[in-house]
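Here is a briefing on one protein model. It covers a strand pair, the nonpolar cores and one threonine.

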Amino acid sequence: ILATGATAKRLNIPREDEFWSRGISACAICDGASPIFKNKPVAVVGGGDTAVEEALYLTKYASHVHLLVRSAAMKASKAMQDRVLAHEDVTVHFNAEVVDAVGVDDGSLSGGGG
């Protein structure tokens with residue numbers, strides 16, 4: 001899952017349309033409890049308050065949450081940064097870039113890295 005902020009911001013990666021609503025989402029609150037994400041590693045793209053809040057929310061459902069921050073620092077409030085950095089089920093990756101989405105045989109988005 002790639003929950004991309006308060007508005008449905010697209011990542012503009014090559015296969016984004018192929019996996020939209022099949023592993024890529026813009027709303028963790030709307031889609032996070034879906035069975036396709038239950039006990040699976042997920043990623044949230046962003047470093048602002050909304051992305052951090054959604055990353056923390058997803059810890060209720062996902063096996064682990066990766067917060068992909070595109071720059072060297074988060075823009076979220078200090079309190080939100082402290083919460084997400086202290087959470088054992090969230091790994092924050094700074095200077096991260098999503099370049100594409102990769103699928104598996106059943107047509108769903110893969111959780112694997114490359």
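Why is β2 largely enclosed by the rest of the structure? Four of its five residues are buried, so the surroundings largely enclose β2. Buried means under 20% relative accessible area, exposed over 50%, partly exposed in between (1.4 Å probe, protein chains only).

This is a predicted model: local features need pLDDT of at least 70, side-chain atom pairs count only at pLDDT 80 or more, and totals for chains, interfaces and linings use all residues. Residues are numbered from 1 along each chain as its sequence is written, and side-chain values use heavy atoms, leaving out hydrogens and water.

**Strands**
- β2 and β3 run parallel, joined by five bridges. Strands (E, at least two residues) and helices (H or I, at least four) are DSSP runs, numbered from the N terminus. Strands pair if DSSP finds at least two bridges between them.
- Proline 41 has histidine 64 of β3 as its bridge partner.

**Nonpolar cores**
- The largest core has 20 residues, and Val52, Val65, Leu67 and Val84 have the most contacts inside it. A nonpolar core is a set of buried Ala, Val, Leu, Ile, Met, Phe, Trp, Tyr and Cys residues joined through side-chain atoms within 4.5 Å.
- α3 gives this core its largest share, six residues.
- A second, separate core has nine residues, including Ile13 and Leu68.

**Threonine 59**
- Threonine 59 sits in the loop between α3 (49–58) and β3 (64–68).
- Threonine 59 counts as buried because its relative accessibility is 18%.
- Threonine 59 touches Val65, His87, Asp89 and Val90, not counting residues up to four places away in sequence. Contact means heavy atoms within 4.5 Å.
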